[in-house]
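Dear colleague,

Please find below the structure that I am handing over to you. My notes on it follow directly after.

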Amino acid sequence: MVANVRFAALIGPVTNQITPHYHYSTHSSRGYDRTHPWHNQNQRVKLFDSPTISLQNSLQSNANEGKGKSIRSLLPLDLITFDLDDTLFPIEAVLKDANDAMLTHLISTIEQRRKKMNLVEKSPFEVTNEDIFAYTKQIRNNLLQEGQTDTYTNMRKLAIATILCDSTHEKLSTAEHAKEPRTVIPKVDSTVVEIYNTWERERHAAAERHLYQDAIDALVNIKLQHPDVVIGAITNGKANPLLMKRTLSSYFDFCISGEDDGIFPHRKPSPIIYDKALEAFRKLERGNAISSDVSDLCWIHVGDDLANDVGGSAKCGALAIWADLSMEYQQTSSKRLILDKFTSGQTTSPNGQSQKAKVQQPSWSTLSQEEIRKRTQMAEKATAFVSARIENLSSLPPTIQRILDEGIKN
């Protein structure tokens, strides 16, 4: 059953770093009028509730009228980009599997090292995923205090290296080690990279296992309705759909990550990462009449994060669809923000006194409370840029069609 769609009527508008993944393909020259009426930056969107949209009915109607041909919009959809984590698969479940696999590899390595050093009987060294998070967060905090930053890839590797270094000590508490000043800087050697690679491999395998059940059908129907569209991924994380050979790879043309060389530290919502995506799109479209002006393109971005996906992409010229999915999709967006409509950052203690509220962050998050407050403010401002809101991925193809149809009308 396709849920109701909240629709926006468009009244106008470092080691081993993975480089941006350009999977080149050939698209036919479209020859359509690329001037779209919604790209007026001085105009706003107006939200209203649309009736239930049935993709099955749309396809059947089209089959009856067009003898089975795919639905084609009068306006071409040039580019559609997706966020990945919590948009196509639940990041919490994926990270749990990846972290567990890495922890198993890490513990095995530690046990082998301590056995060689005759430390096993003296004091067993215990490490948990929470310890790894503590190390990573401490590393990030230390960098921020020094006015520096680094990719989560490198911070995760350094956390592994630090734990391996500390595992040769007789102290039992890894949490204590995480806060101690370092006299020896741990090295990211081949063993560390091997353990990290276990995490990254399992992250992709887990993403395929946990892929939202209607994700593939949505992509199939988008390709059916818009055969010439370029589909890309824009993510701040390490997922890459081109590496997911059993599920997503055949539907995506490129992937841009905020961890990539030449992009970091310009992660979403920075315009730089979106500009890189447009650059990848234009490389794929060489030979076609593609304007360098983004306002001449029909570009839709889909993502779960209001600040990163909706606000960030809309400011770069995209029509933003907010994937605010229903509870069964297990998104973590609400856990990462302080929403004023639920709490104003205040709560009441048992004695009736007002006190500051702390958001219960996902265990893997390294954001400070101040960063959370800033992100929440950005999210609230980004609501003005929502072109459409969907509660399941099955409603994405008809929502795209409605956006294009409304563009024609206006």
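Is Cys298 buried or exposed? At 0% relative accessibility, Cys298 counts as buried, where buried means under 20% relative accessible area, exposed over 50%, and partly exposed in between (1.4 Å probe, protein chains only). Cys255 is likewise counted as buried, at 1% relative accessibility. The structure holds zero disulfides, a disulfide being a pair of cysteine sulfur atoms within 2.5 Å.

Please note that this is a predicted model, in which local features need pLDDT of at least 70 and side-chain atom pairs count only at pLDDT 80 or more, while totals for chains, interfaces and linings use all residues. Residues are numbered from 1 along each chain as its sequence is written, and side-chain values use heavy atoms, with hydrogens and water left out.

Salt bridges

There are 13 salt bridges in the structure, each defined as a side-chain nitrogen of Lys or Arg within 4 Å of a carboxyl oxygen of Asp or Glu. One of them joins the side chains of Arg203 and Asp85, at 2.9 Å from N to O. This pair links distant parts of the chain, 118 residues apart: Arg203 belongs to helix H6 (residues 190-209), and Asp85 to the loop between strand E4 (79-82) and helix H2 (91-116). Helices (H or I, at least four residues) and strands (E, at least two) are DSSP runs, numbered from the N terminus. Arg203 and Asp85 are both buried.

Helices H2 and H6 also meet through Asp97 and Arg209, whose side chains form a salt bridge of 2.9 Å, N to O. Arg209 is partly exposed, with a relative accessible area of 46%.

A further salt bridge connects Arg389 with Asp324, their closest N and O atoms being 3.0 Å apart. Arg389 is in strand E11 (residues 386-390), whereas Asp324 is in the loop between strand E8 (319-323) and strand E9 (346-348), 65 residues apart. Asp324 is partly exposed, at 24% relative accessible area. In addition, Asp83, Lys268 and Asp309 are joined into one network by salt bridges that share partners.

Helix H8

Helix H8 (residues 271-284) has 14 residues, and its end C-alpha atoms are 20 Å apart. This agrees with the expected span of 20 Å, taken as 1.5 Å times one less than the number of residues. Its buried residues are Ile273, Tyr274, Ala277, Leu278, Ala280, Phe281 and Leu284. Seen down the axis of H8, these fall within an arc of 155°, so they line one face of the helix; the arc is that of the directions from the helix axis to the C-beta atoms.

Kind regards
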